[in-house]
Amino acid sequence: MFTQLEGFLATVREKSISRAAEKSFLSQPALTARLQSLEQELGAPLLIRTSRGVRLSEAGKAFLPYAQRAIQAIDEGRKLVSQLTSGDAGVLTIATVPGLLTAVLPPMLKRFRDAFPNVPVNVRTAHPDEIVDLVLREEVQLGFACDVEHPDLESIRIHEDEIVCVHVPSHPVSDGDVVSLREIASAQLIMFSESDFEQLLSNLLHEAGIPPAAVLTLDSIDAAKKMVESGLGVAFLPRIALEQEEIDSGRFVIRRLPDADAVRRVIVALHRRDAHPLIGPPGHFLDVVLEKQP
């Protein structure tokens with residue numbers, strides 16, 4: 001139908017099938033066939049053929065503005081698709097667990113906004129199971145969580161984060177780069193509940209047969225850092241959540257467990273498998289995160 005409408009409008013402009021065919025880079029029989037097909041679909045002649053060319057029939061006059069609007073709408077749609085693929089239009093909607101929004105996503109979002117300043121970004125926070133549902137229901141384009149898998153979702157590894165033990169310099173935990181599980185268990189542990197750190201450390205202590213002395217559970221990384229800074233205990237935090245200046249200034253001391261590989265998490269981006277390949281903002285965001293964007 002699109003090529004038929006284009007042929008019809010070109011013929012109306014040129015008032016001649018032969019001139020319209022020439023300017024459309026078509027043979028005259030090919031354009032004539034398109035016009036006849038359109039007239040057959042509509043059930044009425046649109047053009048009156050004369051020795052001087054063509055003119056609109058009454059049906060053609062009635063149909064002309066609709067054909068013009070249809071072509072205009074398609075052109076606008078093409079332009080929007082082009083803008084989406086180039087990063088000049090669209091909206092990025094993502095969902096993430098709160099801990100990642102605080103520590104991991106900000107630098108990624110900064111790089112994305114620098115590369116695509118015209119694309120608004122909407123961010124929602126949720127628990128991992130909720131993030132899976134949001135992506136499956138297409139309420140968000142991308143979800144971010146730790147070690148999450150689902151058969152209907154593609155999981156893309158975007159970051160591997162080391163979990164470190166953090167305390168203030170005056171804390172009685174012994175000196176050194178490495179801290180033992182037994183030393184940690186003897187101190188009050190500070191956790192933030194949205195993360196999987198609590199379960200991770202609980203599993204490690206349980207496997208070692210060491211019950212923790214006490215646990216203070218909070219709901220944000222920033223709150224956990226404040227509690228550590230106040231001397232209330234030691235916390236397990238993502239290394240990326242700690243700025244180098246906080247370490248260099250002596251505000252915090254970082255300690256690692258002997259088996260560092262046991263306290264690492266893999267952060268993944270999730271999108272529907274049937275939405276592949278990703279175009280527009282979600283595809284651009286992953287390109288930026290994975291450093292495919294120049």
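A residue is called buried here when its relative accessible area is under 20%, exposed when that area is over 50%, and partly exposed in between. The model to which this cut-off is applied is a predicted one.

**The central strands**

By that criterion, five of the five residues of strand S3 (residues 92-96) are buried, so S3 is largely enclosed by the rest of the structure. The burial extends to both faces of S3, with Leu92, Ile94 and Thr96 buried on one side and Thr93 and Ala95 buried on the other. Strand S5 (residues 142-146) gives a comparable account: five of its five residues are buried, so S5 too is largely enclosed by the rest of the structure. On one side of S5 the buried residues are Leu142, Phe144 and Cys146, while Gly143 and Ala145 are buried on the other, and both faces of the strand are thus covered.

The pairing of these strands with one another and with further strands can be followed bridge by bridge. S3 runs parallel to strand S4 (residues 121-125), to which it is joined by five bridges, and within this pairing Leu92 has Val121 of S4 as its bridge partner. S3 also pairs with S5, again in the parallel sense, over three bridges, and here Ile94 is matched with Leu142 of S5. S5 in turn pairs with strand S11 (residues 264-272) in the antiparallel sense over four bridges, where Gly143 stands opposite Leu270 of S11. Elsewhere, strand S1 (residues 47-50) and strand S2 (residues 53-56) run antiparallel and are joined by four bridges; S1 and S2 form a hairpin with two residues between them, and Thr50 has Gly53 of S2 as its bridge partner.

The strand pairings are collected below.

| Strands | Sense | Bridges |
|---|---|---|
| S3 and S4 | parallel | five |
| S3 and S5 | parallel | three |
| S5 and S11 | antiparallel | four |
| S1 and S2 | antiparallel | four |

**Nonpolar cores and the H6–H12 contact**

In soluble globular proteins, nonpolar side chains tend to be buried together. In this model the largest nonpolar core has 50 residues, and those with the most contacts inside it are Ile131, Phe144, Ile158 and Phe285. Phe285 touches Leu92, Leu105, Met108, Leu109, Phe112, Leu142 and Phe144, if residues up to four places away in sequence are not counted. Apart from the largest core lies another, of 19 residues, which includes Leu9, Ala10, Leu56 and Phe63.

Phe285 also takes part in a contact between two helices. Helix H6 (residues 105-115) and helix H12 (residues 281-289) pack at an angle of about 115°, with their axes 9 Å apart, and H6 passes H12 in a right-handed crossing. On the H6 side the contact is made by Leu105, Met108, Leu109, Arg111, Phe112 and Ala115, and on the H12 side by Pro281, His284, Phe285, Val288 and Val289. Sorted by class, these contact residues are nine nonpolar, one polar and one charged.

**Backbone exceptions in two loops**

Most residues other than glycine have a negative phi. Lys15, although not a glycine, has a positive phi of about 55°; it is placed in the loop between helix H1 (2-14) and helix H2 (17-23), and with a relative accessible area of 55% Lys15 is exposed. Glu138 is likewise not a glycine and has a positive phi of about 60°. Glu138 is found in the loop between helix H7 (128-136) and S5, where, at 59% relative accessibility, it counts as exposed.

**Sequence separation and distance in space**

Two residue pairs show how separation along the chain relates to distance in the model. Which residue lies 64 Å from Glu76, C-alpha to C-alpha? The residue is His171, which is 95 residues away from Glu76 in sequence. Glu76 itself lies in helix H4 (residues 58-86) and, at 48% relative accessibility, counts as partly exposed.

For Ala235 and Val166, which are 69 residues apart along the chain, the C-alpha atoms are separated by 5.2 Å. Ala235 lies in strand S9 (residues 234-238) and counts as buried, at 0% relative accessibility. Leaving aside residues up to four places away in sequence, Ala235 touches Val164, Cys165, Val166, Ile190 and Val228.

Definitions and conventions:
Residues numbered from 1 in each chain as written. Predicted model: local features only at pLDDT ≥ 70, side-chain atom pairs only at ≥ 80, totals over all residues. Heavy atoms only, no water. Axes fitted to C-alpha atoms, helices over the stretch in contact; angles between N-to-C directions. Left-handed = near helix turned anticlockwise from the far one by under 90°. Contact = heavy atoms within 4.5 Å. Nonpolar A, V, L, I, M, F, W, Y, C, P; charged D, E, K, R; others polar. Core = buried A, V, L, I, M, F, W, Y, C linked by side-chain atoms within 4.5 Å. Buried < 20%, exposed > 50% of the residue type's maximum accessible area, 1.4 Å probe, protein only. Pairing = 2+ DSSP bridges.
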